[in-house]
Amino acid sequence: MHEDLLDGSQMSTIDLKTSDVNKMQGFLGEVEVIKSLQSIPGIKSFGDGSVFFHVRGGNKDQNLILIDDAPIYNPSHLLGFFSSFTPDAIKDVKIYKADIPLSQGGALSSLIDIRTKDGNMQKYGVYGNIGLIANKLSVEGPFVKDKSSFFFSVRRSHIDFLFGLITEEESNISFYDVNAKVNTKINEKNRIFLSFYSGLDQFGIPGISWSNGALTFRWNHLFNDRLFSNTIINTSRYDYFLYLNSQKTEFWQETITNGSFKTNFGFYKDPKNTIRFGLNISQHYFNPGNLTRSGAADEPAKILQSNARHLVTYISNEKKLNKKVTVRYGLRTNLWSNVGPSTYFLIGSEYEVTDTIIADRYEVFNRYNNPEPRISLRWSIDSVSSVKTSYGRTVQYLQLLSNSVSPFTSLEVWLPSGPNIKPQKADQVALGYYRKFMKAKSEFSAEVYYKLMYNQIDYEDHANLLLNPAIEGELRFGTGTAYGLELMMQRRQGRLTGWIAYTLSRAILEIEGINNDQPYPAFYDRPHDLTVYLDFELAERWELFANWIYTTGSAITTPTAFYTFQGTQVPIYDSKHNDRMPDYHRLDFSARWQLNRKKDNNFRHTLTFSIYNVYGRANPISINFNKKEIIFEEFIIPSNVLEGPKYVPTQRSLLGVIPSISYQFEF
Amino acid sequence: MKKKSIYILLFVLLVGCEKKIEWKIKSVEDNRIVVEGLITNERKAHFVKLTHTVSDMNVIPEPVTGATVIIREGDSSILLLEIPAGSGVYLTDSNKKGFAGTDYELMIIVNEDTMYAIAAMIPVDPQTRLSFIPNKDSTYYRANISQHQGYEFTPAMYQIDLSWGHLPGFKNKPIDSTKAKMIIYEFNSVDVSLVLGPNKEIIWVPKGCRVTEKKYSLTDEHAEYLRSMVMEMEWRGGYFDEAAANTTTNLSEGALGFFGACSVLIDTFIVQ
């Protein structure tokens, strides 16, 4: 893991290169950008089969994922077993857990900044991967040597083909990702990029389908040796469909579209001062979920669609106070405006609708203005150690409304801040110590953080979140508190490399109207988190990898008593998240065999063998108390209310021992 | 064939599994009263059943005996009698009939505690007869539950009584093995855990089975209670569960359960 912990001015930041990600074999041998994040201290995966993750006590929707500056929502394939980004298309991934650069914002807990490859301006290259679930192919090369290049990558699943071998029934389970980029040096002072991403999932007949698309134009301009700018225009779109018939003429659809213009300047005022400033104007459209039916006599209630504008300015200065101390400080201003046409409801203190307001086209019917100050300081103690500290405020205007405890993506509602939903805010302070051990070729880091979050959302019991025009009345608001200690020891050189990381943390919520207004642990409150990752060069052409992950089980609500109604035993819960799932742990092995004898052959190919979950740990995704056993290890919801209660507690888990093999090539 | 076996093995590994576990319930003492009461437009004895909560799974609840249970309808009051004594089941006389458009108030006195609930009876929409789907050789049938799954329904509850003890080959069987009762709900909400919920037991009945299908009207409050109960019981345990929470109630003083008033339509038919 490339991490400029010691020397970089940014703290709580990880820089992942493609070479790092490619080594971390995931489920079914697929290398996963988003899922590899769970090895990083402070980042917790939701669980098996899930692309959701939580950063420093934040919820799953508090992470902004950008691909070449365009936001991506629901970056999952196959419900969450795989993530959307093909490592072959990625140049690098920067993960900010705190101390997020002022040029970026919009999410409370983290920024995952993904940059795709620019394309090789010198020579052509072809890369491919044949796996059990999907195949990938990438091509890059110059249009004009040293002037212009391209990169193109495609990944497509072949699950539908596999299903065709097993069953005669028609299946429609597939996904693909396409990345493309053109990079042109106009002259020494101007460079432009055009990048494109498209991803699509189809699941079942009629089934569900979701897609992300993003297009970014970027212009880098050098005014002189002290002033540069980059200007970005991008647009993105996210759609989610639940089809109600096989003709796909009736469906539930959610859509988010974004368009933005950003311009960022960097000015090297003098050797001690680097000033950055910029402007971002964006427009958003939200359809939180509506039903389209052909020829239906009674249309269900239309759910309010809305528009919003976001104007951001920022300025920061990185100042070297002396040889050892650097400080970075700045301010980001946000003006968020909800814009008509829209019809919205005002929700009263009893969570009921009190008024209906109609906003005309272009009418600004609500505004929020939120400054985000940030400051950080680095003190280089000596050539091998440093201390960093930071404070930052972040603001988030878009929230994912979901009462689901499932690891999978499903029907979920993205809703912008507005008259009834205040923006989420967080204040985070962090302190870190970093040390290099030159002889051992190792690095050590320790960070503590404390984060206060405001306007956090939870839900009324059994909230009705789909096709509910008054959905905001189902929400409850409060605060969140997260704190923790992250330790990591990392070895980057030698035949044996890797890291061991441990996090001790808590995430506590206090929401009005929930749990009798008493604090309770969040679902993702998992106090202990330990990762061991090892990479060993066994021989010239053999490399071995091992990855062991342990986390405390998620906080869950289990019954404390029961009552009987209509012949059914109904659970009673005394408090929210009163219990925990069994702890999660898993060991993965993989071995990579370089097939070509010489490393610098024109044609290079490898075989990778991997075993996911080597000892077959049944990590649960749910604990249930409502089923009976009909035959050995087959459980069902009882239907006959005349039958007496025969419930048994059960645990559902997803993934057993999964061996896989994949073939990679490049030339 | 060998190639197909490998893919099937991979598929099974992929999908995951469910297993029985040992789990100690973190019991908390709960002395609340549970009320299950229903008055309908049928001319019969209507009931209010009172029980205690239980601290563990599969425990039969103790009845609440010796309570005073009254249903008020306008200016008149009906005292329900515990029949049989000690059963916790309190009944009106058998000549009692409820009416749509009327509010019914329940009052329960247990020791020194008094609990109240109000239920309004609304008319019931015409019912569509439940259809049954045969197995491969058409000897056994199962109820077509999917005709009640959707979001555009006026909320309603269906009680399906099935009996086949009168049929040849079943006359000498224990009576409990030749009858069953299912309850099906129609709601007007869209719930992921219904659309993508866990597997429910299928009750197979022989051709010729006698079906009594009762459709009950539900007020919004009654539907909300039943939906909260169903979310905890029938729709939990799949791959798309929602957060666990307590059921609602229309009873005061912390009592659990629900007192409802429903108009009923009855349809009786033979599965064939």
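**Entry 1: a strand pair in chain A**

Which residue stands opposite A:V395 in β28(A)? I looked this up before anything else, keeping in mind that I am working with a predicted model. The residue opposite A:V395 is A:K425. I then followed the two strands: β25 (residues 385-396) and β28 (residues 424-437) of chain A run antiparallel and are joined by 12 bridges.

From there I went on to the next partner. β28(A) also pairs with β29(A), again in the antiparallel sense, over 13 bridges. Here I noted A:K436, which stands opposite A:E443 in β29(A). The connection is a hairpin, with four residues between β28(A) and β29(A). I checked the turn for unusual backbone angles and found A:K441 there, with a positive phi of about 55°. A reminder to myself for viewing these strands: in a regular strand the side chains alternate between the two faces of the sheet.

**Entry 2: empty space inside**

Next I went looking for enclosed space. Rolling a probe the size of a water molecule over the atoms shows where empty space is left. How many cavities of 30 Å³ or more does a search of the whole structure find? I noted 19 of them.

The largest cavity holds about 680 Å³ of space. It is lined by 40 residues, and A:L64, A:P71, A:Y73, A:G106 and A:L398 are the closest to its centre. I listed the elements of chain A that give two or more residues to this lining: β4 (63-67), β16 (227-243), β17 (251-270), β18 (273-292), β19 (306-320), β20 (325-339) and β26 (398-401). Sorting the lining by class gave me 19 nonpolar, 15 polar and six charged residues.

I then turned to the second largest cavity, with about 410 Å³ of space. Its lining has 25 residues, and those nearest the centre are A:N59, A:S402, A:I457, A:Y459 and A:Y524. Two elements of chain A give two or more residues here, β26 and β29 (442-459). I was pleased to meet β29(A) again, the hairpin partner of β28(A). Which element gives the most to this lining? That is β29(A), with four residues. By class I counted 11 nonpolar, 10 polar and four charged residues around the second largest cavity.

**Entry 3: a sheet from two chains**

I wanted to see where strands of chains A and B share a sheet. An open sheet of four strands does this, in the order β42(A)-β41(A)-β43(A)-β1(B), and the pairing is antiparallel. Its edge strands are β42 (634-636) of chain A and β1 (17-20) of chain B, each pairing on one side only. The average turn between neighbouring strands of this sheet is 55°, direction ignored.

Looking at one pair in detail, I found three bridges between β41 (residues 620-631) of chain A and β42(A), in the antiparallel sense. A:E629 has A:F635 in β42(A) as its bridge partner.

**Entry 4: within chain B**

The domain assignment splits chain B into domain 1 (33-121) and domain 2 (132-248 + 262-270). How far apart do the C-alpha centres of these domains of chain B lie? The answer I wrote down is 24 Å. The contact takes 10 residues from domain 1 of chain B and nine residues from domain 2 of chain B.

Chain B has an open sheet of four strands too, with antiparallel pairing and the order β12-β11-β14-β16. I marked β12 (179-186) and β16 (264-270) of chain B as the edge strands, each with pairing on one side only. Neighbouring strands of this sheet are turned by 15° against each other on average, direction ignored. In the middle, β11 (residues 156-163) and β14 (residues 210-217) of chain B run antiparallel, joined by eight bridges. B:A156 has its bridge partner in β14(B), namely B:S217.

**Entry 5: backbone oddities**

I finished with the backbone. A:G340 and A:P341 are joined by a cis peptide bond with omega about 15°; A:P341 sits in the loop between β20 and β21 (342-347) of chain A. Chain B gave me another cis bond, from B:I83 to B:P84, with omega near -10°. B:P84 is in the loop between β5 (76-82) and β6 (89-91) of chain B.

My last note is on A:Y362, which has a positive phi near 70° although it is a residue other than glycine. I found A:Y362 in the loop between β22 (353-359) and β23 (364-369) of chain A.

Note on methods
Residues are numbered from 1 along each chain as its sequence is written. Chains are lettered from A and ligands numbered from 1 in the order in which they are written. This is a predicted model: local features need pLDDT of at least 70, side-chain atom pairs count only at pLDDT 80 or more; totals for chains, interfaces and linings use all residues. Side-chain values use heavy atoms; hydrogens and water are left out. Two strands pair if DSSP finds at least two bridges between them. Axes are lines fitted to C-alpha atoms, for helices over the stretch in contact, and angles run from 0 to 180 degrees between N-to-C directions. On a 1 Å grid over the protein atoms alone, a cavity is a set of points where a 1.4 Å probe fits but cannot get out, and a pocket is an open set with protein on both sides within 12 Å along at least five of seven lines; lining residues have an atom within 4 Å of a point. Grid points are joined across faces, edges and corners, and a volume is the space filled by probe spheres set on the points. Ala, Val, Leu, Ile, Met, Phe, Trp, Tyr, Cys and Pro count as nonpolar, Asp, Glu, Lys and Arg as charged, and the others, Gly among them, as polar. Domain bounds come from an automatic or database domain assignment. Contact means heavy atoms within 4.5 Å.
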